[in-house]
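Hi there,

Here is the structure I promised to send over. Have a look at it first, and then read on for my notes.

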Amino acid sequence: MTFPGFAPADLAFLSDLAVHNDRDWFTANRAVYDERLRPALGALIADASTACAARGLPLGGDPNKSQFRLHRDVRFSKSKLPYKTHLSAVLTRDGLKMSPGMAYIHIEPEGGSRVTADSFDYDSIDPLDPSTHPAARVAAPEPTAPAEAIPDLEDAHGRGPYVSAGFFLYDRKNSDKVRRAIAAGPEAWLAVEAHLAARGLRLAPGMAVKRMPKGFDAHEGTALEPALKRLQWFARRPLTGAEVSSPQLPETLAGFVDDMKPLLDFGWRALYGG
């Protein structure tokens with residue numbers, strides 16, 4: 001199946017699911033998900049993988065295994081709503097969902113599919129879903145964050161479709177490997193930031209810590225301080241409704257990954273050498 005674009009009428013299923021988030025409604029209406037949305041997402045993964053390979057980008061995925069479940073893991077959540085109200089998938093180097101250095105694809109209607117901001121459940125974050133990464137526990141973002149701030153991944157859900165790429169690290173050893181690489185190669189890191197800025201991209205807060213991490217105090221007050229305070233390094237690009245409904249979406253995703261390649265390469269070198 002070649003990716004046809006997500007039909008707005010099919011995406012309306014996700015908006016309706018946000019209103020009727022219960023098993024009876026889902027069972028009665030699941031044909032839209034099973035027969036149209038899920039196959040379209042699988043085709044998007046396959047075609048985006050091909051588009052990335054054509055550009056020499058080492059990210060790809062399996063049409064089935066790279067999709068996240070629509071069912072929520074409610075074991076550790078106060079909210080017992082059974083379903084997510086978005087589609088999501090990842091492209092990685094090795095096909096594993098939590099592999100460091102990934103592109104994350106988030107599909108939902110423009111403007112978000114949630115009923116109210118209060119209905120947002122942070123345990124539904126796909127890359128950090130307890131069912132795929134049990135140790136990951138995230139806190140809600142600051143409600144008073146300035147409007148110009150780029151939200152962390154968990155604060156982006158419910159805001160509409162987007163693609164993000166980079167390193168969503170929660171293992172302190174891995175985070176420190178990236179920090180050491182930044183401190184050891186400041187010019188290389190600043191070149192990455194300049195490359196992203198030239199393409200209209202900048203790093204999200206990345207669950208930044210308030211104080212300089214131990215061992216990096218010498219860089220306090222320097223241009224490296226924001227990068228060294230992050231626990232994650234990624235950027236996010238919103239997708240328009242026209243892009244999501246277009247058969248050219250795989251190329252759009254591959255183009256974004258291409259823009260992010262210097263960051264991905266930097267992180268992979270930090271984590272694995274070479």
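Which backbone oxygen lies 3.2 Å from a polar atom of the side chain of S175? The one that does so belongs to L231. Please keep in mind as you read that this is a predicted model.

Let me stay with S175 for a moment. This serine sits in helix α5, and S175 is buried, with a relative accessibility of 1%. Leaving aside residues up to four places away in sequence, S175 touches L169, L231 and W233. L228 is 53 residues away from S175 along the chain, yet the C-alpha atoms of the two are separated by 9.3 Å.

Now for the helix around that serine. Helix α5 covers residues 172–184, which is 13 residues. From first C-alpha to last, α5 reaches 18 Å, close to the 18 Å expected at 1.5 Å a residue. At the N-terminal end of α5, D171 acts as the cap: one of its side-chain oxygens is 2.8 Å from the backbone nitrogen of K173. Besides S175, the buried residues of α5 include N174, D176, V178, R179 and I182. An α-helix has 3.6 residues a turn, so residues three or four places apart point the same way. The buried residues of α5 pack against two helices that lie on either side of α7 (225–229) in the numbering, namely α6 (186–198) and α9 (249–272), as well as against α7 itself and strand β4 (233–238).

The partner I looked at most closely is α9. Two packed helices are described by the angle between their axes and the distance between the axes. For α5 and α9, the angle is about 110 degrees and the axes are 8 Å apart. That makes α5 roughly perpendicular to α9, and their crossing is right-handed. On the α5 side, the residues that meet α9 are N174, K177, V178, A181 and I182; on the α9 side, they are F266, A270 and L271.

A second helix pair is worth a look too. Helix α1 (residues 8–19) and α3 have axes that come within 10 Å and cross at roughly 135 degrees. That makes α1 oblique to α3, and here the crossing is left-handed. In this pair, D10, L11, F13 and L14 of α1 meet V32, Y33, R36 and L37 of α3.

Two loop residues also caught my eye. K84 is in the loop between α3 (31–54) and β1 (87–91). Is this lysine buried or exposed? K84 is buried, with a relative accessible area of 3%, and a polar atom of its side chain lies 3.1 Å from the backbone oxygen of R69. The other one is M207, in the loop between α6 and α7. M207 has a phi near 50 degrees, a positive value in a residue other than glycine. With a relative accessible area of 19%, M207 counts as buried, the cut-off being under 20%.

Finally, the overall picture. The protein has 9 helices and 4 strands, which follow the pattern α-α-α-β-β-α-β-α-α-α-β-α-α along the sequence. Of its 274 residues, 50% are buried. Among contacts between residues at least 6 apart in sequence, 73% join residues at least 24 apart.

Happy browsing, and best wishes!

Conventions: Residues are numbered from 1 along each chain as its sequence is written. This is a predicted model: local features need pLDDT of at least 70, side-chain atom pairs count only at pLDDT 80 or more; totals for chains, interfaces and linings use all residues. Side-chain values use heavy atoms; hydrogens and water are left out. The expected span of a helix is 1.5 Å times one less than its number of residues. Buried means under 20% relative accessible area, exposed over 50%, partly exposed in between (1.4 Å probe, protein chains only). Contact means heavy atoms within 4.5 Å. A polar contact is a pair of N or O atoms within 3.5 Å; within protein, one must be able to donate a hydrogen and the other to accept it, and residues adjacent in sequence count only if both atoms are side-chain atoms. Axes are lines fitted to C-alpha atoms, for helices over the stretch in contact, and angles run from 0 to 180 degrees between N-to-C directions. Angles under 35 degrees count as roughly parallel, over 145 as roughly antiparallel, 65 to 115 as roughly perpendicular and the rest as oblique. A crossing is left-handed if the near helix is turned anticlockwise from the far one by less than a right angle, and right-handed if clockwise.
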